[in-house]
Amino acid sequence: MERPLTRNIHPNRPPLTAKEYEMAGGYMAVKQALLKMTPSEVVELIKESNLKGRGGAGFNTGMKWSFVPMGETAPTTKYIVANADEMEPGTFKDRLLLEGNPHQLIEGMIVAAYAIQATQGYVFLRFAYKEAAIRITKAIIEAYAEGYLGDHILGTGFSLHLHLHTGVGRYMCGEETALLNALEGKRATPRAKPPFPQVSGLFGKPTIVNNVETLCNIPHIINNGADWFKSLSYSEDGGTKLYGVSGNVKTPGCWELPMGVSMRELIEEHAGGMKDGYKFRGVLPGGASTDFLIEQHLDIKMDFKSVSMAGSRLGTGTMIVLDDKTCPVGFVHNLEQFFARESCGWCTPCREGLPWVEKILWSIEQGKGASNDIELLFEHARLLGPGNTFCALAPGAVEPLQSALKYFREDFEQHIHQRKCPYD
Ligand code: NAD
């Protein structure tokens, strides 16, 4: 089984230096793209590979790049941004790539920048990823020294300058337009879309914001082709995927596997199954802002389409497992507390609704729930759903809530009727 993204990552060794990365075949894709391909050929190849965004939304990467204005009438300043603000609860996949092989990300960014003719790039990094910041800084310095960054890369007319920007620890900055506002030194609130950043992004210029894992796939597609990339996958989505499992499983972790591996294989084989004394009750398949799935879904493929057809989303592909000894009301309350705190306050439903949801869940968990609280939670989930807020934060936040009400309703009712948490 091929593992292109992680084959040069070894947990107990520092990441490859630029020279070591080159010896392992690194920066070949930069040479191939800059010396042998036109920008539009690069975009077409990525489109053909069917690479879908690994940040959670699954938008076709090549298609996204193709929206950037090109040619003589296009703005001369354009930007490439790596979204490394990984803050989705339960999600730690990009951290592995950032700490484990920063040159792979830099190489992906150079090729992406070439494809859209961007001359400035930013890695927008999560505040808490201190070790990644050190390693990326070192790798950027090395890449400049080796001539892969800077002016006239490999003697061509193409130049790229790359900067590391660390956030201040706000979940909101992972939303691409809030991220761009933060980079501009403004309050991190989302912008109206359209215009999409591809047309008007950082400082009003065309900008591509791609997730770290998405960008890390680029060099491998350039080196090996679209058909090779598609052949890695068990499903119509191409490539491999970094999957993760956390919760009361025997061996929580993160693994690179063919896109479309089954949920059962991930939990039972890679995560070693449930810890002794715990039973599987449900799972949030792609970080916290996805709907619960339950035992009947264990055999679905973990790809974008299959998880949506089961009623949830692949999201970041990093699952959080709920067991039979953990209170689902307390579990969801914990998540809603996070989302309510992280709301940027820009739009009223999210700013007012999420704290309200959090308070209702807290009172239910404390045994102080009222008989109409469940209906009230359903109503909030509807009001905070897609189309009613400025960005995806609140609709994502109510996904675990609405699905917990669907699958674990009796737990909510027991709390209200018994006036205490049955799990205490
Ligand atoms: P989105 O579907 O609105 O957009 C995804 C990407 O596609 C964006 O880059 C957007 O510009 C582009 N796009 C979408 N429609 C377009 C169109 N019509 N024309 C041009 N471009 C278009 O999703 P989003 O709000 O960017 O992200 C939501 C996702 O983020 C959720 O799926 C969630 O799982 C995930 N998420 C991830 C993290 C993390 O830490 N990785 C944190 C929070 C949320």
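# Reading a predicted model, feature by feature

Student: Where is Pro195 placed?

Tutor: Pro195 is in the loop between H8 and E4. Keep in mind that this is a predicted model.

Student: Which kind of peptide bond joins Pro194 and Pro195, cis or trans?

Tutor: Read omega. The bond joining Pro194 and Pro195 is cis, with omega about 0 degrees. Now step back along the chain. The peptide bond from Lys193 to Pro194 is cis too, with omega near -5 degrees. Pro194 is found in the loop between helix H8 (176-183) and strand E4 (207-211).

Student: On to phi. What is the phi of Tyr27?

Tutor: Look at the sign and at the residue type. Phi of Tyr27 is near 65 degrees, a positive value in a residue other than glycine. Tyr27 is in the loop between H1 and helix H2 (28-36). Its relative accessible area is 0%, so Tyr27 is buried.

Student: And what is the phi of Leu154?

Tutor: Phi of Leu154 is near 55 degrees, again positive in a residue other than glycine. Leu154 lies in the loop between H7 and E3. Here the relative accessible area is 29%, so Leu154 is partly exposed.

Student: How do I check the length of H7?

Tutor: Compare an expected span with the one in the model. H7 covers residues 130-145, 16 residues in all. At 1.5 Å a residue they should span 22 Å, and the end C-alpha atoms are 23 Å apart, so the two agree.

Student: Which residues of H7 are buried?

Tutor: Use the cut-off: buried means under 20% relative accessible area. In H7, the buried residues are Ala132, Ala133, Ile136, Ala139, Ile140, Glu142 and Ala143.

Student: What do the buried residues of H7 pack against?

Tutor: Three helices and two strands: H1 (18-23), H5 (93-100), H6 (102-116), E2 (120-125) and E3 (161-166). Just after H7, Gly147 takes a positive phi of about 85 degrees.

Student: Which residues of the largest nonpolar core touch the most other members?

Tutor: Look for the hubs. In this core of 60 residues they are Val42, Trp65, Leu98, Leu105, Ile106, Ile110 and Ile222. H6 supplies the largest share of this core, ten residues. A second, separate core has 54 residues, including Phe331, Leu354, Val357 and Cys391.

Student: Take one hub. What is Val42 in contact with?

Tutor: Set aside neighbours within four places in sequence. Val42 is then in contact with Ala33, Met37, Trp65, Val111, Tyr114, Ala115 and Ile222.

Student: Now empty space. How many cavities of 30 Å³ or more does a search of the whole structure find?

Tutor: The idea is simple. Rolling a probe the size of a water molecule over the atoms shows where empty space is left. In this structure the search finds one cavity of that size or more. Its volume is about 70 Å³. Of its 13 lining residues, the closest to the centre are Cys344, Cys347, Cys350, Cys391 and Leu393. By class, the lining has ten nonpolar, three polar and no charged residues.

Student: What lines the second largest pocket?

Tutor: That pocket holds about 340 Å³ of space. Its lining has 18 residues, and Ile9, Pro11, Leu96, Glu99 and Gly100 lie nearest its centre. H5 and strand E6 (253-258) are the elements that give two or more residues to the lining. H5 gives the most, with four residues. By class, count eight nonpolar, six polar and four charged residues.

Student: Is Thr389 buried or exposed?

Tutor: Its relative accessibility is 15%, so Thr389 counts as buried. Thr389 sits in the loop between helix H15 (373-383) and helix H16 (393-407). Not counting residues up to four places away in sequence, Thr389 touches Cys347, Pro349, Cys350, Leu384, Ala394 and Pro395. Trp346 is 43 residues away along the chain, yet the C-alpha atoms of Thr389 and Trp346 are separated by 9.3 Å.

Student: Is Asn8 buried or exposed?

Tutor: At 18% relative accessibility, Asn8 counts as buried. Asn8 lies in the segment before H1. Beyond four places in sequence, Asn8 is in contact with Leu16, Ala24, Gly100 and Asn101.

Student: Last one. Where is Val307?

Tutor: Val307 is in helix H12, residues 304-309. Its relative accessible area is 0%, so Val307 is buried. Leaving aside neighbours within four places in sequence, its contacts are Pro285, Leu293, Ile300, Lys301, Met302, Ser312, Arg313 and Leu314.

Note on methods
Residues are numbered from 1 along each chain as its sequence is written. This is a predicted model: local features need pLDDT of at least 70, side-chain atom pairs count only at pLDDT 80 or more; totals for chains, interfaces and linings use all residues. Side-chain values use heavy atoms; hydrogens and water are left out. On a 1 Å grid over the protein atoms alone, a cavity is a set of points where a 1.4 Å probe fits but cannot get out, and a pocket is an open set with protein on both sides within 12 Å along at least five of seven lines; lining residues have an atom within 4 Å of a point. Grid points are joined across faces, edges and corners, and a volume is the space filled by probe spheres set on the points. Ala, Val, Leu, Ile, Met, Phe, Trp, Tyr, Cys and Pro count as nonpolar, Asp, Glu, Lys and Arg as charged, and the others, Gly among them, as polar. The expected span of a helix is 1.5 Å times one less than its number of residues. Buried means under 20% relative accessible area, exposed over 50%, partly exposed in between (1.4 Å probe, protein chains only). Contact means heavy atoms within 4.5 Å. A nonpolar core is a set of buried Ala, Val, Leu, Ile, Met, Phe, Trp, Tyr and Cys residues joined through side-chain atoms within 4.5 Å.
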